[in-house]
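Trainee: I'm new to this one. Can you walk me through it?
Mentor: Sure. Have a look first, then ask away.

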Amino acid sequence: ALPMMLMMGMNDLISRMDILMVGNMMGPEQTGIYSVASRFAELSLFGLNTANAVLVPFIAEYHHKGQKDRLQKILTVSAWLIFAVTITIMLGLAVMGPFVLGFFGPGFSHAYVPMLVLLTGQAVNALTGPIGALIVLTGHQLRAIEILIFKAILNFGGNILLIPLSGINGAAIAAACTIGFSNLLLFFYVFKLLDLNPSIFPFRTGWKTQMETV
């Protein structure tokens, strides 16, 4: 319970670090614009968040019973559903973004570019599947905490470097790179430690089981 509580707190802090740093370094006006871009980009996580809520009991049950094949099948199906929902939302935001942002005021048109940048990071987040739930529910919480600490350091350093250079676009680049890289790292650990593929990409699983039987 303690590692999970720590993970949730750290993740909330990291997910808002870029907004806090824009506010500290650029003032309230740019913070408001960037916050809108961030909120719109988070809409692309609807499919992933829904899948996480549905999959948690199945992950826990199938892992506890050692039913890896059933777990992999449900992960594959959910990965394609997440992909379909995520791509639909991203395309909608890319096309309708300028129009929708216009409702917030003329200055908020500047949120469009950072929104697109943030969407690339959130796309990696969604397309790597429910890796956070897999790591936690299979007993690898400490590994996830290590990656979260690395994510926090990378995000902070990226913002310190890029915000003075590119403003809110720099903050978006730092956040997107942090989200993308940390999720790819978590995906690598899920694939290596659990021999599961929660994404749509055709990486071959079952190698660990075959090695154990040789």
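Mentor: Let's start with a charged pair. Glu42 forms a salt bridge with Arg39, and their closest N and O atoms are 3.6 Å apart. Keep in mind that this is a predicted model.

Trainee: Where do Glu42 and Arg39 lie?
Mentor: Both are in helix H2, 3 residues apart. That is about one turn of the helix.

Trainee: Why does that spacing matter in a helix?
Mentor: An α-helix has 3.6 residues a turn, so residues three or four places apart point the same way.

Trainee: Which other side chain meets Glu42 in a salt bridge?
Mentor: Arg16, at 3.0 Å from N to O. This pair links distant parts of the chain. Glu42 sits in helix H2, residues 28-42, while Arg16 sits in helix H1, residues 2-26. They are 26 residues apart. Put together, Arg16, Arg39 and Glu42 are linked in a network of salt bridges.

Trainee: How exposed are Glu42 and Arg16?
Mentor: Glu42 is partly exposed, at 23% relative accessible area. Arg16 is partly exposed as well, at 24%.

Trainee: How many salt bridges does the count come to?
Mentor: The count comes to 4. One of them joins the side chains of Lys65 and Glu61, 3.0 Å from N to O. Those two lie in helix H3, residues 46-65, and are 4 residues apart. Glu61 is partly exposed, at 33% relative accessibility.

Trainee: New topic. What's up with H7? Its ends look odd.
Mentor: Helix H7 covers residues 141-194, which is 54 residues. A straight helix would reach 80 Å at 1.5 Å a residue, but the end C-alpha atoms of H7 are only 13 Å apart.

Trainee: Where is the kink in H7 centred?
Mentor: On Ser166, and the kink is about 150°. After H7 comes Asp195, with a positive phi near 55°.

Trainee: And Asn155 in H7, is that buried or exposed?
Mentor: Asn155 is in H7. It counts as buried because its relative accessibility is 3%, and the cut-off for buried is under 20%. A polar atom of the Asn155 side chain lies 3.2 Å from the backbone oxygen of Ile14.

Trainee: Last one. Which residues form the nonpolar patch on the surface?
Mentor: Val95, Met96, Phe99, Phe103 and Phe104. Together they have about 580 Å² of accessible area.

Trainee: Is Phe99 buried or exposed?
Mentor: Phe99 is exposed, at 54% relative accessibility. You'll find Phe99 in helix H4, residues 68-101.

Key
Residues numbered from 1 in each chain as written. Predicted model: local features only at pLDDT ≥ 70, side-chain atom pairs only at ≥ 80, totals over all residues. Heavy atoms only, no water. Patch = residues over 30% accessible without salt bridge, like charges linked within 9 Å, V, L, I, M, F, W, Y side chains within 5 Å. Areas by Shrake-Rupley, 256 points an atom, 1.4 Å probe, with all protein chains shown as cover. Buried < 20%, exposed > 50% of the residue type's maximum accessible area, 1.4 Å probe, protein only. Expected span 1.5 Å × (residues − 1). Bend = angle between axes of the 7 residues up to and from the residue. Polar contact = N/O pair within 3.5 Å; in protein donor to acceptor, adjacent residues only side chain to side chain.
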